[in-house]
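Please look through the model below before reading on. The paragraphs that follow go from single residues to sheets and then to the contact between chains.

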Amino acid sequence: MLNYFRIFRKGISPILATMLIILMTTVGVTLALTIVLPAIKRAQESSVINEGMENMKIMDNVIREVASEGTGTFRTVQLKVSGGEYKINGKSNNIEFTYPTTSGIFTADSYMKEGNLILSAGANAKASEYDLNNDGTTELVLENEILRVGIVKNGTSTSYATMNTSGIIKLINIKDNSMNVTPVDSSIVLDDIPSTSYGNGYSELVRSGDNLPKAEVLVHVNTTYAVYDVIYTLQSGTDFLIIKIQNAYYR
Amino acid sequence: MSKHQIELDEEEEKIVGHYKVEKSLGSVEKTLKLIIREFGKLKGRKGLIGKLRFCLLISLLVFSFLLSSNAVFAINTTRPQTVAFNMIFRLNNSNTDDVVRIPTPTPIFYTVDDVNVNNTQYSSNLTHAYVCSYDNVSYANGTTLAMIHSGKMEDLTYVNFYKATGSLYYTLKLKQKIEGNQLIMPFTKNTCDLVESKMTVIEQQTIPNKAFSAFTQIVPSSLTIAIRSVYDKLQLNGTDRFSSGEQKICFSNEGVNNANKPIIWGRLC
C-alpha cells in the first residue's frame with residue numbers, strides 16, 4: 001500500500017481540492033453563524049443589560065439621596081451607555097431603561113425584582129387613540145397581545161374638561177374571544193368623600209406608539225376638595241389592568 | 001409682678017404642661033379629670049386672672065374634644081389616605097350566571113341572579129386580598145373579572161359585594177391605603193379559582209410577571225427588556241431621554257409638592 005502511494009505521488013485532483021476548500025469554508029461559516037456569532041451577540045446583550053441595571057441603580061440611589069436631603073440639593077451622575085434607551089418619565093413617576101434583544105437571553109415572561117428596580121421582558125403593548133366601542137367618540141386605547149382597554153378621552157393639560165371617574169373605563173375586551181365588559185361605573189373615591197370622584201381634569205396617553213413594554217393613561221382629577229392622578233397601566237403580555245393613585249392632596 | 005401672680009402663672013404652666021401630657025395620651029377622660037381637678041383649685045379665686053384661667057380651661061376642654069373627635073387632624077390632613085375602587089358591571093348580557101367569590105376562611109359564593117346582598121369583608125377576615133366574579137355557563141372556558149389589592153395585607157381596608165334585587169348590574173368594591181399600593185384588575189378566561197391560585201405569587205412579587213390565563217401568543221423575534229424604578233414617596237419631574245455615549249444627568253431637589261412629597265427634577269446636563 002505504501003509503495004502504491006510512493007509510486008503515484010501526484011496529489012489530489014484540483015476539483016476535489018476546490019470542493020474540500022468549499023466544504024471546509026462552509027462548515028466554518030456555518031459554525032460561526034450558528035455558534036460563535038449568537039454567543040457574541042448574547043454576551044453583548046447581556047453586557048448592555050448588566051450596564052443598564054447598574055446605571056439604573058446609580059440613578060435610583062442618587063434620586064433617593066436627593067429626596068432625603070433638603071430643598072436645593074443637587075447631584076450629578078456620569079453614566080457610560082453602550083446601548084438601550086433611558087427615559088425620565090415625570091408622568092408615570094419613574095425612570096425606565098428599555099433595550100430590544102434578539103438573542104433569547106430572556107423569555108417573554110421574565111421578571112426580576114432587585115431592590116427598587118423591576119426587570120421585565122416583552123414589548124408588545126400599544127397606546128393609541130381611536131373609537132374602540134363605536135360610540136362615535138375617540139377613546140384612549142391600551143392594547144397588548146391579550147386585551148384592549150378603552151379609557152375616556154377628555155380635556156387636555158392646558159384645558160380641563162368635566163371629569164367623572166365613574167365613566168373612566170369604557171370597555172375592556174379580550175381579543176381572542178371578543179368578550180367585552182362595559183362597566184356602568186368604575187368610580188374612584190378618596191377617604192370616603194363622594195365628591196372626590198368627580199370634578200374636572202383631563203386624560204392623556206403617557207406615551208403613544210407600538211412595541212411598548214407597557215401602555216399607560218394618566219387621568220388628572222381636580223375635585224372640590226382633592227386633586228389626584230390615576231395611572232392605568234396595561235403591561236405587555238398580561239391580562240390585567242393596574243390602577244394606581246398618585247400625587248393626591250387636599251386643597 | 002407680684003408673688004401671687006408668679007404663683008398663678010406657674011400654676012397655669014403646670015396646667016398647660018399637664019394638658020400636653022394628657023393630649024399625648026389622647027385620653028379625653030383624663031384631660032377632663034385634670035380640668036375638673038384644676039377647676040376645683042380655682043374655687044374662691046376671683047378677679048381678672050381667675051377669669052382668664054377659667055377661659056383657658058374652657059378652651060382646653062373644647063380643644064381636647066376636637067382632638068378626640070379627630071376634627072382638628074381632619075382639617076390639618078393634607079393628603080388623602082385611602083381610595084375605594086368601584087366596579088359596577090355584569091359579565092354577560094344578563095347577570096344570571098355570574099358568580100361572586102369572597103375569599104374568607106370558608107369562601108363565600110353568591111350566584112348573582114336576583115340576590116339582595118351587601119357583604120363587606122374586612123382584611124382581617126380574608127385569606128387573600130381580592131374579590132372576584134366569574135361566569136362559566138355563558139362562556140365555555142369561563143370569564144372572570146377580579147379586583148385584587150397589590151400591597152401589604154394590612155393596607156387593605158375591605159372588599160365589598162353589593163347587589164340590589166332587580167338590578168341588572170352588581171358592584172365589586174375594594175378599599176385600600178393609597179401610599180405604596182395599587183389595584184390589579186384581571187379580565188380573563190377561566191374562573192375565580194385561577195385568581196385564588198395566583199394570589200401567592202401576587203403577595204410575593206406585588207405584580208404578576210405574566211398573564212393569569214394561558215393565551216396563544218405569537219412569539220416575537222425581538223424581545224424588549226425594561227428595567228424601571230417607580231417612586232411612591234417623591235415626585236419625579238422630567239421628560240429627557242438618552243442613549244449611547246457618555247451621559248451626564250443632574251438631579252435636584254425643588255422643594256415639596258402639594259402632597260408634601262419632595263419634587264426631584266431630573267435632566268441631561
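A residue counts as buried if 20 or more other C-beta atoms lie within 10 Å of its own, as exposed if 12 or fewer do, and as partly exposed in between, with C-beta atoms placed from the backbone. This is a predicted model, in which local features need pLDDT of at least 70 and side-chain atom pairs count only at pLDDT 80 or more, while totals for chains, interfaces and linings use all residues. Residues are numbered from 1 along each chain as its sequence is written, and chains are lettered from A and ligands numbered from 1 in the order in which they are written.

Chain B has 269 residues, and 33% of them count as buried. Its secondary structure consists of five helices and 14 strands; helices (H or I, at least four residues) and strands (E, at least two) are DSSP runs, numbered from the N terminus. Two residues are in contact if their C-beta atoms, placed from the backbone, lie within 7 Å. Among the contacts in chain B with a separation of 6 or more, 62% join residues 24 or more positions apart.

A starting point in chain B is B:Arg79, in the loop between helix H4 (71-76) and strand E1 (82-89). Is B:Arg79 exposed, partly exposed or buried? B:Arg79 has 18 other C-beta atoms within 10 Å, so the residue is partly exposed. Leaving out residues up to four places away in sequence, B:Arg79 touches A:Ala248, A:Tyr249 and A:Tyr250 of chain A, and B:Ala259 and B:Asn260 of chain B. The C-alpha atom of B:Arg79 is separated by 35 Å from that of B:Ile108, 29 residues apart along the chain.

One of those contacts, B:Asn260, lies in the loop between E13 and E14 of chain B. B:Asn260 is not a glycine, yet has a positive phi of about 65°. B:Asn260 counts as exposed because 9 C-beta neighbours fall inside 10 Å. Chain A offers another case in A:Asn134, also not a glycine, with a positive phi of about 55°. The loop that holds A:Asn134 runs between strand E6 (125-130) and strand E7 (139-143) of chain A. A:Asn134 has 7 other C-beta atoms within 10 Å and is therefore exposed.

The strands on either side of the B:Asn260 loop, E13 (residues 245-256) and E14 (residues 262-268) of chain B, run antiparallel and are joined by six bridges; two strands pair if DSSP finds at least two bridges between them. Within this pair, B:Asn253 has B:Ile264 in E14(B) as its bridge partner. Both strands belong to an open sheet of four strands with mixed pairing, in the order E1(A)-E13(B)-E14(B)-E11(B). Strand E1 (74-81) of chain A and strand E11 (235-237) of chain B each have a single partner strand, so they stand at the edges and one side of each is left without a neighbour in the sheet. On average, neighbouring strands of this sheet are turned by 25° against each other, direction ignored. Axes are lines fitted to C-alpha atoms, for helices over the stretch in contact, and angles run from 0 to 180 degrees between N-to-C directions. Helix H2 (residues 14-68) of chain A packs on the sheet, where it touches E1 of chain A and E11, E13 and E14 of chain B, and its direction makes about 175° with that of E1(A).

Other strands also pair across the chains. Strand E17 (residues 240-250) of chain A runs antiparallel to E9(B) over four bridges, with A:Phe240 opposite B:Pro186. E2(A) and E12(B) are antiparallel too, joined by two bridges, and here A:Tyr86 stands opposite B:Phe242. Within chain A, A:Tyr86 has A:Phe97 in E3(A) as a bridge partner. E2 (residues 85-89) and E3 (residues 94-101) of chain A pair in the antiparallel sense over five bridges. They form a hairpin with four residues between them, and A:Asn93 in the turn has a positive phi of about 60°.

The contact between the chains takes 90 residues from chain A and 78 residues from chain B. E13(B) gives the largest share of the chain B side, eleven residues. By class, that side has 39 nonpolar, 31 polar and eight charged residues; Ala, Val, Leu, Ile, Met, Phe, Trp, Tyr, Cys and Pro count as nonpolar, Asp, Glu, Lys and Arg as charged, and the others, Gly among them, as polar.
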